[in-house]
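Reader: I am new to this structure and should like to know how its descriptive terms are justified. May I see it before I ask?

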Amino acid sequence: MNCFWRFIMELNDVLKIGEVCEVSGRMIKAGIYSEKNTEYLNYDGAVIKNVSIGSFVLIRKGFANIVGKVEGEYMKDNVGIPQDIKRIIGIGVLGTIENEKFVHGVTNLPMIGNSVYVITEDVISKIFAKNATDKVTLGTLIGYEEYPFEINVQELLCSHIGIFGNTGSGKSNTLAKLYYEVVRKYGSSANFLNNAKFMIIDFNGEYANVFDNANIYNFSTKISKKNKKAVRYPISLEDITDGEFWSIILEATDKTQKPFIERCIRKFKKFLGDSNDYNKDSLSSIIYNSNDKILDCRLYIREIFYLLGIKDRFSILEEKLMYNYKYKTFYTKDPIKDKYGTTKEEIYSLIFENDENYSLNFENLDYFDKFKLVLYWNYCEEIGKSFITKEHIGPLMARSNNRIDSLSKLFEIKDVLDDKTSNVNVISLVDVRVDMRKIIPLIICKKLYSEKKASKGDSLNSSLHIIVDEAHNILSTTSIRESEEWKDYRLECFEEIIKEGRKFGTFLTISSQRPSDISDTIISQLHNYFIHRLVNEEDLRKIHRTIAFSDKSTNDMISILPAGGCIFTGLASNFPVLARINILPEANQPRSENVDISKIWY
């Protein structure tokens, strides 16, 4: 028999604890009988907890069964209340039990004199969780420790999820526990492996050991780009011939820098098929044409020589080719007299010493170096012809050298990208330079989402789950390291995912200790929330203002939650519930534990 129905059939005087004495909208006051004003009740041979703040009660109104939550306690102060009532409790109506199911929402209100009953613990978990056969167990209910905290997989995983809490509150364990249980539950299914993809962006390197079989990418900008043992994330050649990809990397502005990037991309594609335009004669030409712009071009001309492996020739050129700043022209040092107005042919001769057999070799360049070569070549060419100015394109070029080198340490070009050994990918950014820590997640997430959208009719036959830990690093609304234009672009990309992603089977999970730093649009569009202890006033205000699922009594609990405890609320729950998330096995725990001061000091 359904637990609701059995519970209602067995309602008796043992479970009856009081009666309604005041009704004011959804807020009810009920008097507790003196003999029931105890901490525990003996029911059917078992000891059950009596009501207190946070407990659930059932109010019987004829054939209607109204469920409420205790939100306050008061001293008896009304003259009209019977003498055997010593305590008053405030109850917020949550919903009703209809057709053996809990129905959330106020559809019926009690009347004065209606009986109030304790709800037995075996019914509690059935009330807050929506009915489903597929559930994951994450912990226990606070106050009802014998009963599991179970969540409907469909309602939870087909949603955007927010996990918030101060450091040490259990936030990292909740994130790890949730996806650990999901992978463990479905991991043996071939459909799960083929139709679901999990991408975890790990800023602090905490989750590499959580999953027994996951693709771990320990990104590092400290390693040598020639390190063959480094694990790099695979991308396709099509990705790096996309102007949007390089616009993100180099933080290109719309009006001047993006058109320049697009011209470079066209030349890069042509270069990959035919490099004949990049020869000794054209190299001499860009030097000759830089004439009055040599100060703008010198650095990039030198880089071109270095990329081509002929830095010795650049040294010869610097030694023999002079520049007159007054007349803005090149000249060569002559033993008898200075000769002004050096020709392109003379520059060619200085570089290659009339060696007709000398050829430029591009074979040793990887794809990133080839793009850098084309970028620098095109910059010198266009600035020499006054097509562009240093003021507009210079900032982009200044960012290019280190960032393109960093990319070659983090990514590798592969023809086949699918790795079916695991559908869980963990990207660790703990060893990545600060200026790249926002760019890399944006590249990966935008690429995955774009591919998911492009799958069109097949998009709902699979799911993509993007999980961002310490999300304030990438979703912050304030930053002194980037332009307003690029910050808006970064936020718009993730706001599109959270607003439109559900239509394409893409779901976002964010975890953060500073929800106040994250875009209001993103937080308000989340469907389910795990809220751990937060004490900062700005964070609490953000939660109260943007989360529609919580009530005042729930909000008041946020700052006093124990470690590991959280308030779960959202579409997967009929109402907010207090839960304690179980700790993962030690081998699978995220590496976020505190330092043991007494141990390391002694």
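Reader: Which residue in β23 is the bridge partner of Phe-164?

Author: The model is a predicted one. In it, Ile-531 of β23 is the bridge partner of Phe-164.

Reader: What makes strand β12 and strand β23 a pair?

Author: Two strands pair if at least two bridges are found between them. Residues 161–164 of β12 and residues 528–531 of β23 share 4 bridges in the parallel sense, so the criterion of at least two is met.

Reader: Why are β11 and β14 said to stand at the edges?

Author: The open sheet has 11 strands in the order β11-β10-β25-β24-β23-β12-β22-β21-β13-β20-β14, with mixed pairing. Since β11 (144–152) and β14 (215–220) each have a single partner strand, one side of each is left without a neighbour in the sheet. On average, neighbouring strands are turned by 25° against each other, direction ignored.

Reader: Why are helices α9 and α12 called oblique to each other?

Author: Their axes cross at roughly 120° and come within 9 Å. Angles of 65 to 115 degrees count as roughly perpendicular and those over 145 as roughly antiparallel; the crossing falls in neither range, and α9 and α12 are therefore oblique. Their crossing is right-handed.

Reader: Which residues of α9 and α12 meet?

Author: Among them are Leu-283, Ile-287 and Tyr-288 in α9, and Ile-347, Ile-351 and Phe-352 in α12. The residues of this contact comprise 7 nonpolar, 2 polar and 3 charged.

Definitions and conventions
Residues are numbered from 1 along each chain as its sequence is written. This is a predicted model: local features need pLDDT of at least 70, side-chain atom pairs count only at pLDDT 80 or more; totals for chains, interfaces and linings use all residues. Side-chain values use heavy atoms; hydrogens and water are left out. Axes are lines fitted to C-alpha atoms, for helices over the stretch in contact, and angles run from 0 to 180 degrees between N-to-C directions. Angles under 35 degrees count as roughly parallel, over 145 as roughly antiparallel, 65 to 115 as roughly perpendicular and the rest as oblique. A crossing is left-handed if the near helix is turned anticlockwise from the far one by less than a right angle, and right-handed if clockwise. Contact means heavy atoms within 4.5 Å. Ala, Val, Leu, Ile, Met, Phe, Trp, Tyr, Cys and Pro count as nonpolar, Asp, Glu, Lys and Arg as charged, and the others, Gly among them, as polar.
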